[in-house]
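Here is a short tour of some charged and nonpolar side chains, written with a modeller's eye in mind. Have the viewer open as you read along.

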Amino acid sequence: MRTGYSIIEQSGLFTTSCYEWRNKAEADKLCFRECKSLASIEIPNSATRIDEAAFKGCLSLASIEIPTSVMSIDEDAFRECTSLKSIVIPDSVTTIDDRAFDRCATFAAIVIPNSVTTIGDAAFR
């Protein structure tokens with residue numbers, strides 16, 4: 001059963017390395033990079049981090065809810081997601097790395113919880 005991944009398979013954007021993410025603690029580096037038609041995705045509750053450039057350049061990604069299991073948003077994770085207007089960062093996140101949301105200029109608002117102790121260079125440039 002490929003729960004949560006049908007949108008990727010149906011659009012031809014499915015990659016084998018991403019299929020097993022629901023059973024792992026983190027998305028593989030570059031997992032969904034440049035999936036320009038990816039509009040939404042459900043991040044599994046087993047995820048503890050959003051790895052480097054996992055969603056970089058997903059131009060159609062408009063909103064995302066990060067589960068409370070995630071503690072780190074790595075560098076370039078959502079860089080150049082130019083349609084991203086809404087993101088919920090849970091209290092479990094302690095680190096937002098370099099350029100994590102760089103070039104996401106369409107944010108209406110973003111709330112950074114008090115749990116975040118590290119914000120990298122150009123994280124929200």
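## Lys56, a buried charge

Lys56 sits in the loop between β1 (49–50) and β2 (63–65). The model here is a predicted one, and in it Lys56 is buried yet has no salt bridge. Which side chain of opposite charge is nearest to Lys56? That is Glu80, 4.8 Å away. A salt bridge needs a side-chain nitrogen of Lys or Arg within 4 Å of a carboxyl oxygen of Asp or Glu, so the Lys56 and Glu80 pair does not count as one.

What surrounds Lys56? Leaving aside neighbours within four places in sequence, Lys56 is in contact with Arg33, Glu34, Asp76, Ala77, Arg79 and Glu80. Three of those names, Asp76, Arg79 and Glu80, return below as members of a salt-bridge network.

## Arg79 and its two partners

Arg79 forms salt bridges with Asp76 and with Asp102. For Asp76, the closest N and O atoms are 3.6 Å apart; for Asp102, the N to O distance is 3.1 Å. The pair of Arg79 and Asp102 links distant parts of the chain, 23 residues apart: Arg79 is in the loop between β3 (72–73) and β4 (86–88), while Asp102 is in the loop between β5 (95–96) and β6.

Are these side chains buried or exposed? Arg79 and Asp76 are both buried. Arg79 counts as buried because its relative accessibility is 13%, and Asp102 is buried too, with a relative accessible area of 0%.

## Arg103, Glu80 and the wider network

A salt bridge also joins Arg103 to Glu80, with 3.0 Å between the closest N and O atoms. Arg103 lies in the loop between β5 and β6 and Glu80 in the loop between β3 and β4, so this pair ties together parts that are 23 residues apart in sequence. Arg103 is partly exposed, because its relative accessible area is 45%.

Taken together, salt bridges link Glu75, Asp76, Arg79, Glu80, Arg99, Asp102, Arg103 and Arg125 in a network. The count for the model comes to 8 salt bridges.

## A nonpolar patch on the surface

Now for some side chains without charge. Ile112, Ile119 and Phe124 form a nonpolar patch on the surface, and together they have about 230 Å² of accessible area. Phe124 is found in the segment after β6 (118–119). Phe124 counts as partly exposed because its relative accessibility is 32%.

Conventions
Residues are numbered from 1 along each chain as its sequence is written. This is a predicted model: local features need pLDDT of at least 70, side-chain atom pairs count only at pLDDT 80 or more; totals for chains, interfaces and linings use all residues. Side-chain values use heavy atoms; hydrogens and water are left out. Patches are made of residues with over 30% relative accessible area and no salt bridge: like charges are joined within 9 Å, nonpolar side chains (Val, Leu, Ile, Met, Phe, Trp, Tyr) within 5 Å. Accessible areas come from the Shrake-Rupley method with a 1.4 Å probe; for residues, only the protein chains shown count as cover. Helices (H or I, at least four residues) and strands (E, at least two) are DSSP runs, numbered from the N terminus. Buried means under 20% relative accessible area, exposed over 50%, partly exposed in between (1.4 Å probe, protein chains only). Lys and Arg count as positive and Asp and Glu as negative; His and the chain ends are not counted. Contact means heavy atoms within 4.5 Å.
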